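Me: I have a structure in front of me and would like to learn how to read it. Please take me through it feature by feature.
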Amino acid sequence: ASGYDQLELVKYFIEVAKANRDHQNQDGDTPLICAAYSNRPRVTSYLVSDALVDIEVLGENEMTALQWAKKEGHQLVVKIMESHIEKEKKRREVVMSMLIRDVPAWLRMLHRPLLESMYGNNVARDLHRKKIKDSVY
């Protein structure tokens, strides 16, 4: 559905049927990879902004959705994904600064699984690195 620009069907699968938003088909492609490869900006925008898919999943030929969009010359899809990546990077920086400033290192380490579920593996990993450098336990 994502490769054919069927946005309402994609929304139904994710929001109503609770389908795995990062499901990989027999070729290893996710809905985001299919949308990016097929130049489907509306579906791509929904998947990265609302459905919160994993933008870094590797599909066929070990390429991400962004790499496929660039290879195929789909500039609007590339712009949508790069904008999302930049927003996520800024959000992670804000979360990191708040957590580092406000949460003691021992508490960050103790609640790592919770932080991963709330903010993603990258934030939890970065907090763990900060804990190693942190002298306050």
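Reply: Begin with burial: a residue is called buried when its relative accessible area is under 20%, exposed when over 50%, and partly exposed in between. Keep in mind that this is a predicted model. Of the protein's 137 residues, 33% count as buried.

Me: How much surface does the protein expose, and what share of it comes from carbon and sulfur atoms?
Reply: About 8,600 Å² is exposed, and carbon and sulfur atoms supply 52% of that area.

Me: How many helices and how many strands are there?
Reply: The protein has 8 helices and 0 strands. Read from the N terminus, the order of elements is α-α-α-α-α-α-α-α. Among contacts with a separation of 6 or more, 60% join residues 24 or more positions apart.

Me: Which residues have the most contacts inside the largest nonpolar core?
Reply: A nonpolar core is a set of buried residues of certain kinds, joined through side-chain atoms within 4.5 Å. Here the largest one has 23 residues, and those with the most contacts inside it are Leu 32, Tyr 46, Leu 47, Val 48 and Met 81. At least two residues of this core come from each of helix H1 (7–16), helix H2 (31–37), helix H3 (41–49), helix H4 (65–72) and helix H5 (75–102).

Me: What does Met 81 touch, not counting residues up to four places away in sequence?
Reply: With those neighbours left out, Met 81 touches Leu 32, Ala 36, Thr 44, Val 48, Ile 55, Ala 65, Leu 66 and Ala 69.

Me: How should I read a pair of packed helices?
Reply: Two packed helices are described by the angle between their axes and by the distance between those axes. For H4 and H5 the angle is about 145°, and the axes are 9 Å apart. The crossing of H4 past H5 is left-handed.

Me: Which residues meet where H4 packs on H5?
Reply: From H4 come Ala 65, Leu 66, Ala 69 and Lys 70, which meet Val 77, Val 78, Met 81, Glu 82 and Ile 85 of H5. Sorted by class, this contact of H4 with H5 has 7 nonpolar, no polar and 2 charged residues.

Me: Is His 84 buried or exposed?
Reply: His 84 is found in helix H5. Its relative accessible area is 13%, so His 84 is buried. Leaving out residues up to four places away in sequence, His 84 touches Val 48 and Ile 55.

Me: Which backbone values should I look at in the loops?
Reply: Look for a positive phi in a residue other than glycine; Lys 18 is one case, with phi near 55°. Lys 18 sits in the loop between H1 and H2. Lys 18 counts as exposed because its relative accessible area is 64%. Asn 39 also has a positive phi, near 60°, and is likewise not a glycine. The place of Asn 39 is the loop between H2 and H3. With 33% relative accessibility, Asn 39 is partly exposed.

Me: Where is Asn 61, and how many residues separate Asn 61 from Asp 27 in sequence?
Reply: Asn 61 lies in the loop between H3 and H4. Its relative accessible area is 54%, so Asn 61 is exposed. Asn 61 and Asp 27 are 34 residues apart in sequence, while their C-alpha atoms are 9.2 Å apart in space.

Notes: Residues numbered from 1 in each chain as written. Predicted model: local features only at pLDDT ≥ 70, side-chain atom pairs only at ≥ 80, totals over all residues. Heavy atoms only, no water. Buried < 20%, exposed > 50% of the residue type's maximum accessible area, 1.4 Å probe, protein only. Helix = DSSP H or I, 4+ residues; strand = E, 2+ residues; numbered from the N terminus. Contact = heavy atoms within 4.5 Å. Axes fitted to C-alpha atoms, helices over the stretch in contact; angles between N-to-C directions. Left-handed = near helix turned anticlockwise from the far one by under 90°. Nonpolar A, V, L, I, M, F, W, Y, C, P; charged D, E, K, R; others polar. Areas by Shrake-Rupley, 256 points an atom, 1.4 Å probe, with all protein chains shown as cover.
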